[in-house]
Amino acid sequence: MPRPERHALLAAQEGIWTGQRLDPGSPAYNTAEYVRIDGPVDPAVFDAALHQVVAETEALNATFVVDEEGRPWQVDAPAGDWRLHTADLTAEPDPRAAALAWMDRDLARPVDLTRGPLFGHALLRTGPEQYLWYHRVHHIALDGFGLSLVARRVAQVYTARAAGEPVPDSGFGTLAAVREEERAYRASARFAEDRAHWADRFADRPAVASPAGRTALPARTFHRQVVDLDGTRTRALRSVARELGVTWSEILLAVTAAQLHRATGAPETVLSLPVMGRLGSVSLRVPCMVRNILPLRVAVGRSDTLRELAARISRELRGGLPHQRYRYERLRRDLRLVGGQRRLSGPGVNIMPFAYDLRFAGHRSTVHNVSAGPVDDLAVNVYDRSEGAGLRIAVDANPELYTAADTASFQQGWLTLLREAVASPDRALGGARAGGTVAVLDGGPLPGPAHPVLGLIAEHAARRGGTVAVEHAGRDITYARLFGAARELACRLAARRVGRGDVVVVALPRGGDIVTAILGVLLSGAAYCPVDPAAPPARRAELLDDARPALVLTTGAHADAFGGHRVLRLDRPEPAPAPAPPPPPAPDDLAYVIHTSGSTGRPKGVEIGHRALAHFVAGATHRYGLRREDRVLQFAPPHFDTSVEEVFLTLCAGATLVVRTDDMTDSVPGFLDACARLRISLLDLPTAYWHEVAHAVSTGAAALPAGLGTVVIGGEAALPERVDRWREAVGTRVRLLNSYGPTEATVAATVADLHDPALAPGDVPIGLPLPGTRAAVVAGELHLLGDNLAAGYRGDRPADAARFAPLDGLPGAPRSYRTGDLVRIGDDGQLRHLGRADDEFKISGHRVHPAEVESALLTHPGVREAAVVGRAGRDGTRHLIAHLVADGPAPDAAAVREHLRTRLPAAMIPSAVEFRDRLPRTSSGKTDRNALVGTAPAEPVTRAAEADGGLERTVATAWQQVLGVAALSARDDVFDLGAQSLQAIQVAGRLGAALRREVKVAWLFQYTTPAELARFLAAGVRPTAPALPTAVLTDARLDPDVRPGDGPRPDGPASRILLTGATGFVGVHLLAALLRGTGAEIVCTVRAPSPAEATARLHQALETHLIPLGDEERKRVTALPADLGRPRLGLEETLLDELARTCDAVFHNAATVSVLREYATLRAVNTESTRDLLRLTAVRSVPLHFVSTLSVAPPLGLAAEVPEAFLPPHAGLRYGYQQSKWAAERLLEQAAERGLPVTVHRLGRIVGPHGTGYVNERDFLWRVLRAGVPAGLVPDLFEEETWTPVDHAAEALVQLCLGQRPPAATVFNHASGAPVRLSDLYDWLEEYGYPLRRVSLARWRAELPRLSGDTGVTASVLAFFESLDADPAEETGPGLRLGRIRADNVVSGLRDSAISCPPVGRDLVFRYLDHCVATGTLPAPPTAHGRPASPAK
Amino acid sequence: MPASLTLDGFRADLAEFLYQRPDEVDLDDNPLDAGLDSLRIVTLIERWRETGADVGFVELAECTSFAQWWQLLAARQGGAAGAEA
C-alpha cells in the first residue's frame, strides 16, 4: 500500500493545531452550525448527498500526525465509513430544545486529530415538516466561509438527487492550489509590504484593554448570550450606516469599541477582527481553513460620537484590509507579543455578512451558528439572518475571565449603547454628557449633622474630662488635659500671630505630643501639615517649600533640620501667654495639608477643610460603628492621612487612642499580643501589614485579641488570597472593613464589609461610598462627589487641580474628583477596583507617581534619562523598576539607589535599576512605558542567569536547541527571542522526555523564561511560591546611617574578639579554634543573668563537647551576660560602647536554629542582632564575621549552583529560619557595599568533630536517624550531601577570617569536602548492625508513627515534614536539595594553610554510632557490627 | 425596476464605497488593495442585483481588478445591455 501523502499545514491550520495542543483534550475547536429546513426531507437522499459532499471535500478527508521533530503534517485519509446521526425528536415535549441539547453533547466531545473524522453530521426531525441539519467540523479543517461552501454544496447535491437530476460539478478547487498560493505569497514582495505595514502600525505595541483586565488561555467552553435585532432595528442600523457613509459592520465595531472604553476607561482598544482572507484568492472555491485575524486599533475618547468613531474605524479598516493576508500569528511573533500576558488584540468582533439562503429541494432554510470556536476574551458575533430577518448578535465570553452574568451585562450595555448611538449618532458615546449613562452610587444620608471636630472634642473635655483620650507607653492623657494643653499651645501660636490662613508644619513622631500639637494648631485657626521628622533632607526641603508654613512645631531633636523657618519647640516650656483664645475656625478654613506623590515630579499638598473633615468624621464614625468604649490603636505615621482617621474618629467619639510603640510591629504574634494587652477594639491597618496578620492568623502562628471587634484596612488592593484566608480563619467574628479613598477625598471614600459571608471567594469589593457622599463611574473611572472633597492642592498646580471638576453628566454638574482608579460595579452594587488609568503605582500604601521618582533620579549626575515603571508580581509582590540611560559611564546601581535614599521615602526607591542604551519611544516620541513594563525583569533572580546545570539549564538547553540560538540565559524571555508556538510545543515534548514527566505546552506560555519555568516545574503543581513576607524584606534593609565611622581602625593582630553563640555546637568549637589560633581575649555573649552564671554555662558547654582548655586559654575567655533576642543585644549602652572601642573582630555565630518556627519568632536573634552588631562594628570598621547557613541558598529547582556571593530574594526562602538568616546576610551585603569589612560563612551539614565522634544531636539528619533507626525504617531523603566535621569547620573559619588580612573574599561556602552518599550511610548503618528498610519519604512518614510510637523525636521530625507545603504526592519531599555548591573561596583560602578536611566515611560514622550507643541516644544494634570502629586519631 | 447599470453608475457606486470621486476610480485597481471588504462587496452585489446584473460573491471576489468586475456585470445584464457593451 502506498504511503499516504502528507502535506505541511496551512499557516491558519498551524495556529489552530498549536491552540489544540495547548489543551489536547479540549473540544473548543469544534465549530458547528445547524440549518433549519422548513419542509420534508428524505433522510436517505440527504445521507447520500452528505456522503457525496464529504467525499468531495478534501479538507474533511484528512488526519494529522506529528513527526519526530514535533512538526505537524496533514495526511490524506479518506473519512471512510462515518454515519449520519438521525433522530426523530417530534415526540419530545420541546423538540428544538432536545435537538440543541443533543448538539451540546456532541460539541463537547473532543476530536482526535490523529484519527478523525474531523466532522460530524446529524439530521434531527423537530417537527412534522421541520428538520435540523447539524454540521460540526474541527476548525483545523474549515473556517466559517468553508463551512458555508460545504452547506451550499449539500443543498445543491440534495436538491439534484431529490429531483433525480444529474448532480452538477462541485466547482471546488484543490487544497494544493491553496498551499501553492500561500507559498507564493510568502515569497512575494506583497508579503514584505504587508509585514512592513503591520510592523509600523503596531510598532509601539499598544496596550490592549479588556474588561477582564487580564488574559487567560481559552477555556473548553464559552458563555454565550444570543439576541436578535429585529427587522426594524436592523433597518435603522443600515440606514444610519448609509447616512454616515460607513457599513453597518463599522457601526457595530464603533459601538463595541465605545462599550469597551466605557468598561475599561482605556483611551484605545485593539479589536480582533476575523477576516476571511479570500479576496482574489483561489480559496474562494475551496472549503478549507484560511481565516485570519486583523488587529484593529481604535482610539476612543469619551466625547466621541458615533459619526466620528465609525468614520475613524472605517479609515483604519481600509488601511488594514489590503494587508489582511499577513498572518496574525506571524505578526505576534514579529512584535514579540507571544506568551505571558502579552497580546496583540483584545475582544473580537466577528461579522458574518453571508446570509445563506439555501433551498433544499425547494424548501427554505435558515442557518444558525452553534459554536464559532474558542473564545480568547470577549467576542461579539454578528450573523446576517438574510433579508428582512435582521441580525443575530451572539456575545461569547471566556469563562476563565467572565461570568455568565458579566457576559449578559456586557451584551445589555452593548445593545443599549447601539440603540442610543443609532438614535443620535452625534451624541457622545463615552457617557459623560450622554445623561443616564453615569452610574451613581450613593452612600445614603449622614445619621445627623456633621459637627465641627473641635466642637466635639471640646464637648468630651467638658463633659467627661477625666476619660483617657490618649495612651502612650503607659502614659495616660485625659480629655481635659489634652484639650487644656492644646488650648495653651493655640494661645502660644496666637501670641506669635499664627492663626487663620496659616499652615503650621508639625514635625513630631507618633505619640501624645503630636495629638496635642495637631489640636493646638487647629484651635489656633491654622491648618497643620505633618512632615516626617525622619524624612531625607532633600525631601523635607521640598515639602516645606510647598507647604510655605508660618511656623514649624517640633522638638529640640529635630529643630536644626528646619533652619530658615520659624520654629516653635514643644519641649521647651514657656510661660503661658495671656489667655486670648483665638476664634474657632470656620467650615471653609483649612484643617490640614497632607502631601502625596505628584505626577509632575513634585509632591503635592492636599488641602482639606474643616467642612470635609467634619463630614468624613460623621460618615466614617457611623460606618465603622465607633463608640465611646472603643480603644483604637494609633498605627499610622502622622504624615499618612490614615492617622487623621485614627486620631479624629477616636477623639470625636470620646474613645481612647492608644499610640503604638515602635517595637510593637517587630513580629505579628508580638503585635497581636500587644494589642490584646492594650485591649484594642478597633485596628486600622495598612493593607500590606494586614496581609502579614492575615497570614499569621490563618496559619495559627498568631491569634487575634479577644476584644478586637473591627479591623479597617486600606492603602492598597487587598490580596484575594489573604482575604480568603482571613475569612476562613476568622469568619464573621471580627468585622473586616476594606476602605478605599484618595487623600483628596479625606482619608476614605468607600468601605466594604469583607467579612460578609455572601461574598464569593476571591471577591474583594471596595464597597459603597461613606454616608453623606456619592461616587460616580464615568467611562470606567471612579469619580468622587460630596462635601468630603479636598479644597484643592497647595500652590498653583493647574494640571492636578483639573482633576477637581464639575461632572457634567449629573444634574447640577456637581464638583467631583476624578480618582484615576478604574472600577466596575458588581451585581451587588458594590465597587470593585480594577486598576489605574494612569501610571500611578501603589506600593506599601504609598501612591507613587513614576514622574516623581524619575525627577529624583535625574538629579544624579550620571543619569541622563530615566523611566520608572511599577510591576506587580503574580504573588502580590510589587516593585518599582528604574530604567536609566547613563550620562557617560553607567554609575553603580547601588550608588543610584543610595542617591535616591537621600531624596525619597523608602517606598519610592526602585528595587531594580537597569541601564540601557536608550529608552523605547512611542511613535509620538513619548517614553514607551508599556514596552518597559513588558521587558522589565520578571523576578530579581539575577544570578540564575549564570546557570550551568540543573533544571534551569535543561530548560534553557531545550529552548536553545529549538530556537537555534547560540546562547540563552535563564532570564531570557523565549518569546522575546522570537519563539513560536510550534517551537513551544517542541520544547514541551523534549522537556517531557528529558524530565520523564508531563510538561504542558500551556506552562511554556505562562512561564516564559527558563528560570521561571524551572521554578514552576520544581515547585510541582504549585504555580507560585509564596512571596517573602514584607517583614523579612523590611528587616533586610540596613539603616542608612550604618556606614564606616571615623573611629580608630583596629591595628595589628586582634587582641580582643567578640564571639556570639559560644555555647552552641559550632560556637564551642569556634571558641576553641579562636583560642588556639590567636592570643586574643575572647569575649563570649551568653544568655545568663549574671557574669558568674554566664561563665558557668560556657564551661559547661565546653565540657559537654569534650573540649578541654588549658589555664592560659581559660584566662583569655570572658563570658558576658547578654540576650541577643533583645534590642542592642540586651546590653547597656556603655557596655556596647566599650565593646565597639575595644574589640578588633566580631564572630557572630549565635542563631536560633529551628526548622519549624515562624520568621517573626526568629528575627530578633537571627536578624536584628546582626543589625546591632553592624552598628557596633561600623564605628571603627571592625571586621564582622557572620556564620550563616547554606539553607539560605535557592534549591536546585531555582538555581543550578550555589554561588559564593550574596543572594537576591528567591522563592526558595520558605521557612522562617532560612528567611531570618537570609535577611541577616542581606544586611551584611549592604554593609559590604558601603565598605564595611564583613565576611559570611555558610555552613552545610555540620557533623560531629572528627576527633571525638560526638554527634550533633540537634542536626536534622541525626534526628531523622534517631527516629528511624530504632524503628528499622529510613527515608530516601537525598542522594548525597557534603558533611563537614565541626572541628574542621571552626578551624577553617578562623583561618579564613584571620589568616589573611583582609580576608581574600566576602562569602564562603563551607562545603569543600567530598560528598557522602545517603545509600552509603545506610549501608554503614546496616553494617553496624541496624537492620533497615529504605522507603520513600512519603512511606516513611506514613509508617513511622505506627512503628516507633509517639516519641518526642519522631513527633518533631514528622511535624517538620508536615509543615512543608510541598505536594504530598511528591516523593522527593522537600524541595530543599541544593545545586552544586561552589566552595572555591574556601578551597583557595585554605590552600596555603595546613588545614584540610578530614575524611568523612564509614569509620567516622561508626565513631558517631559508638557515641550514640554510649550515650543512649540510639539503642545498641541487635547484631554486633562486624568490625569495631577504628579508634580516633 | 431601476434603470440598468451603466459604466458611469458602476463608477459612481465604487466611488461611494471607496471614498473617492467617480473620476478618481481606477478600474485597474485590485478590489482588495482598494480596501474593500466582503460586506461592502455583498452590499454592492445587492445594489447591482436590483439593476438586473446578477453576480455572485465568489465571482466578484475572485477578480483582481474592477475592470474584470465590469466585464462580469456587463455580461450578466439583460441581453440588450450585453449587446451594447
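T234(A) is buried in this predicted model, with a relative accessible area of 3%, and it belongs to helix α7 (residues 231–244) of chain A. The residue is brought together with a part of the chain that is remote in sequence, since T234(A) and G390(A) are 156 residues apart in sequence and yet 5.2 Å apart in space, C-alpha to C-alpha. The points below take up this residue, then the salt bridges, a helix and a sheet of chain A, and finally chain B.

**The surroundings of T234(A)**

- When neighbours within four places in sequence are left aside, the residues in contact with T234(A) are L229(A), G390(A) and L391(A).
- One of these residues, L391(A), also offers a backbone nitrogen that lies 3.3 Å from a polar atom of the T234(A) side chain.
- With a relative accessible area of 3%, T234(A) falls under the 20% limit for a buried residue, and so the side chain with this polar atom belongs to a buried residue.

**Salt bridges of chain A**

- Side chains of opposite charge can pair when their charged atoms come close. Over all chains, the count of salt bridges comes to 73.
- R1242(A) and E1225(A) form one such salt bridge, in which the closest N and O atoms are 2.8 Å apart. Because R1242(A) lies in strand β49 (residues 1238–1243) of chain A and E1225(A) lies in helix α36 (residues 1216–1233) of chain A, the pair ties together parts that are 17 residues apart in sequence.
- Both partners of that bridge are buried, R1242(A) with a relative accessible area of 0% and E1225(A) at 2% relative accessibility.
- E1281(A) and R1245(A) also meet through their side chains in a salt bridge, with an N to O distance of 2.5 Å. This pair links distant parts of the chain, 36 residues apart, as E1281(A) lies in strand β52 (residues 1280–1285) of chain A and R1245(A) in strand β50 (residues 1245–1247) of chain A.
- Are E1281(A) and R1245(A) buried or exposed? E1281(A) has 17% relative accessibility and counts as buried, while R1245(A), at 18%, likewise counts as buried, because the limit for that term is under 20%.
- Within a single helix, the side chains of R1097(A) and E1093(A) meet in a salt bridge of 3.8 Å, N to O. Both residues lie in helix α32 (residues 1091–1104) of chain A, where they are four residues apart, about one turn of the helix.
- R1097(A) counts as partly exposed at 39% relative accessibility, and E1093(A) counts as partly exposed at 37%.
- A network of salt bridges links the acidic residues D1035(A), D1039(A), D1041(A) and E1168(A) with R1163(A), R1171(A) and R1175(A).

**Helix α19 of chain A**

- Helix α19 of chain A spans residues 668–677, and its buried residues are V668(A), P669(A), F671(A), L672(A), A674(A) and C675(A).
- These buried residues of α19(A) pack against two strands, β25 (631–634) and β27 (682–686), and against two helices, α20 (687–699) and α35 (1159–1178), of chain A.
- After α19(A) comes R679(A), whose phi is positive, near 55 degrees.

**A three-stranded sheet of chain A**

- Strands of a sheet pair through backbone hydrogen bonds, either parallel or antiparallel. In chain A, three strands form an open sheet in the order β1-β4-β3, with antiparallel pairing.
- The edge strands of this sheet are β1 (6–8) and β3 (62–66) of chain A, each of which pairs on one side only.
- Neighbouring strands of the sheet are turned against each other by 40 degrees on average, direction ignored.
- β3(A) pairs with strand β4 (residues 72–76) of chain A in the antiparallel sense over five bridges, and F64(A) stands opposite Q74(A) in β4(A).

**Chain B**

- Chain B has five helices and zero strands, and its pattern along the sequence reads α-α-α-α-α.
- Of the 85 residues in chain B, 45% are buried.
- Among the contacts in chain B between residues at least 6 apart in sequence, 57% join residues at least 24 apart.
- The exposed area of chain B is about 4100 Å², of which carbon and sulfur atoms supply 49%.

Notes: Residues numbered from 1 in each chain as written. Chains lettered and ligands numbered in written order. Predicted model: local features only at pLDDT ≥ 70, side-chain atom pairs only at ≥ 80, totals over all residues. Heavy atoms only, no water. Buried < 20%, exposed > 50% of the residue type's maximum accessible area, 1.4 Å probe, protein only. Contact = heavy atoms within 4.5 Å. Polar contact = N/O pair within 3.5 Å; in protein donor to acceptor, adjacent residues only side chain to side chain. Salt bridge = Lys/Arg side-chain N within 4 Å of Asp/Glu carboxyl O. Pairing = 2+ DSSP bridges. Axes fitted to C-alpha atoms, helices over the stretch in contact; angles between N-to-C directions. Areas by Shrake-Rupley, 256 points an atom, 1.4 Å probe, with all protein chains shown as cover.
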